[in-house]
Amino acid sequence: MSLADAKVLLAGALQVAPGTLADDVRLGGVEAWDSLGHMRLLLAIEEKRGAPLDAEQAAAIESLADIARALGP
């Protein structure tokens, strides 16, 4: 998945416009990416993957690059 696609997924989970997110946005870097926003993001990733994340995978998601990596090519 591209960083642009990861940004759209993140924006949807955080309920913000994709254009409000910087390309280097990280967990906690915007007000909406708090613990609740992170849980919504993890659920969105699992839905997109069609498979659950294990605890290690979930803990490793802290940036757009991590989101893209979790979703694969």
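Colleague: Why are α2 and α4 called roughly parallel to each other?
Modeller: Their axes cross at roughly 30°, and angles under 35 degrees count as roughly parallel (over 145 is roughly antiparallel, 65 to 115 roughly perpendicular, and the rest oblique). So roughly parallel is the right label for α2 and α4. The axes, which are lines fitted to C-alpha atoms over the stretch in contact, with angles from 0 to 180 degrees between N-to-C directions, come within 10 Å. Bear in mind that this is a predicted model, where local features need pLDDT of at least 70, side-chain atom pairs count only at pLDDT 80 or more, and totals for chains, interfaces and linings use all residues. Residues are numbered from 1 along each chain as its sequence is written, and side-chain values use heavy atoms, leaving out hydrogens and water.

Colleague: What makes the contact between α2 and α4?
Modeller: From α2 you get L41, I45, K48 and R49, and from α4 I67, A70 and L71; contact means heavy atoms within 4.5 Å. Five of these residues are nonpolar, none polar and two charged. Here Ala, Val, Leu, Ile, Met, Phe, Trp, Tyr, Cys and Pro count as nonpolar, Asp, Glu, Lys and Arg as charged, and the others, Gly among them, as polar.

Colleague: How do you know that K7 and D23 form a salt bridge?
Modeller: A salt bridge needs a side-chain nitrogen of Lys or Arg within 4 Å of a carboxyl oxygen of Asp or Glu. For K7 and D23 the closest N and O atoms are 2.6 Å apart, so the pair qualifies. K7 sits in helix α1 (residues 3-14) and D23 in the loop between α1 and α2 (35-49), 16 residues apart. Helices are DSSP runs of H or I, at least four residues, numbered from the N terminus.

Colleague: Is K7 buried or exposed, and why?
Modeller: Buried means under 20% relative accessible area, exposed over 50%, and partly exposed in between (1.4 Å probe, protein chains only). K7 is at 13%, so buried it is. Its partner D23 has 61%, which means exposed.

Colleague: What does the salt bridge of R26 and E62 look like?
Modeller: N to O is 3.4 Å. R26 lies in the loop between α1 and α2, and E62 in the loop between α3 (55-59) and α4 (64-71), so the pair ties together parts 36 residues apart in sequence. R26 at 41% is partly exposed, and so is E62 at 34%.

Colleague: How far apart in helix α4 are D66 and R69?
Modeller: Three residues, so about one helical turn separates them. Their side chains meet in a salt bridge at 2.5 Å, N to O. D66, at 14%, is buried, while R69, at 58%, is exposed.

Key
Helices (H or I, at least four residues) and strands (E, at least two) are DSSP runs, numbered from the N terminus.
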